[in-house]
Amino acid sequence: VVTLMELKYPYAIDESNNMTHIASVSEDSRKNSSYRCPNCGGKMQACLGSKNAHYFRHEDTDRKCGIESYIHKVAKTILINRFNTPRSTFIIGFSPNRQCKIYNQCEHSDYNCLLTPEYREYDLKTIYDLPAKAEMNYSDGNGTFRPDIILTSSNPNRKPIFIEVYHKHKSSESKVDSGNFIIEIKVQTLEDLRSLETEILQEGDAVHFLNFKNINVSPDEIAEEIIEISKENGLRFSERVLPYCRKSIKCRRKE
């Protein structure tokens with residue numbers, strides 16, 4: 001069992017109510033500052049030894065402060081501060097599915113075809129112009145939800161984005177089934193926290209994008225792609241299918 005004395009916390013809240021990483025604490029600033037835990041609010045000390053890595057620790061080692069709740073609280077605070085800092089960016093990167101604009105009306109929709117996903121990056125601050133908020137209730141036709149962080153826009157027609165930070169438990173089925181945009185971020189260790197300050201939230205094992213829309217592509221663009229890929233693979237497709245099929249190279253059904 002790891003005790004509070006043994007845990008080496010990287011973040012604390014200073015007397016100005018700012019989240020502070022131990023790397024920014026010097027001997028001088030330590031003498032003139034006080035620190036508290038972002039999770040339980042207990043007093044913390046900055047340990048700046050000459051041999052071991054620097055860290056914060058709780059003064060009251062009998063205090064109950066769960067490491068999972070500490071990680072969750074710090075991760076949310078880092079992300080909110082990052083989004084709300086003026087002149088900063090908040091970039092996400094993922095590969096949305098692409099689909100033909102007229103696929104729903106396609107006479108060849110029985111072909112099981114898919115366009116290759118295409119990696120894109122977006123700065124959410126150019127789309128969502130209001131400050132990020134933590135644990136605010138949001139209601140729509142599918143129910144009332146309380147995401148860890150919610151991003152909203154002054155445009156009433158733009159759906160919000162839920163940001164969910166989790167250690168073990170992902171978003172509930174009802175939240176996913178609501179159709180709202182959700183970014184799930186898995187944070188397991190204290191070391192994972194530092195990357196949240198600057199790194200792109202990129203789709204992978206620790207970051208998932210749920211319910212994000214497909215990118216619509218024109219039939220002409222799709223036809224060009226089909227022709228190019230089919231030439232590379234020595235395949236041929238009829239002119240009748242080209243304008244409608246999503247990507248014939250992936251077809252399971254042969255002409």
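In the predicted model, I183 has F209 of strand β16 as its bridge partner. This contact between strands belongs to the pairing of β14 with β16, in which 4 bridges are formed in the antiparallel sense. Strand β16 covers residues 207-210, and its side chains alternate in their surroundings: V207 and F209 point to one face and are buried, whereas H208 and L210 point to the other face and are not buried. Such a pattern can be read against a general rule, namely that side chains in a regular strand alternate between the two faces of the sheet.

Strand β14 (residues 181-186) is also paired with β13, here in the parallel sense and over 6 bridges. Within this pairing, E164 stands opposite E184 of β14. Strand β13 is joined to β12 as well, by 3 bridges, and these two strands run antiparallel. In this case L151 lies opposite I161 of β13. Both senses of pairing are thus represented around β13, parallel with β14 and antiparallel with β12. In general, the strands of a sheet pair through backbone hydrogen bonds, in either a parallel or an antiparallel manner.

The burial of β13 (residues 161-166) is described by a count of 6 buried residues out of 6. Both of its faces are covered: I161, I163 and V165 are buried on one side, and F162, E164 and Y166 are buried on the other. In β16, by contrast, the residues of one face, H208 and L210, are not buried.

A separate description applies to an open sheet of 5 strands, arranged in the order β2-β1-β3-β4-β5 with antiparallel pairing. Strands β2 (19-21) and β5 (55-58) stand at the edges with a single partner strand each, so one side of each has no neighbour in the sheet. Within the sheet, β1 (residues 11-14) and β3 (residues 35-36) run antiparallel and are joined by 2 bridges. One of the residue pairs places D14 with Y35, its bridge partner in β3.

Confidence varies along the protein chain. The average pLDDT is 83, and 82% of the residues score at least 70. The highest confidence is found in strand β12 (residues 149-151), at 97, and the lowest in helix α5 (residues 219-232), at a mean of 70. Over residues 246-255 the pLDDT stays under 50; for this segment the model has 36 contacts beyond four places in sequence.

Terms used. Residues numbered from 1 in each chain as written. Predicted model: local features only at pLDDT ≥ 70, side-chain atom pairs only at ≥ 80, totals over all residues. Heavy atoms only, no water. pLDDT = per-residue confidence, 0-100. Contact = heavy atoms within 4.5 Å. Pairing = 2+ DSSP bridges. Buried < 20%, exposed > 50% of the residue type's maximum accessible area, 1.4 Å probe, protein only.
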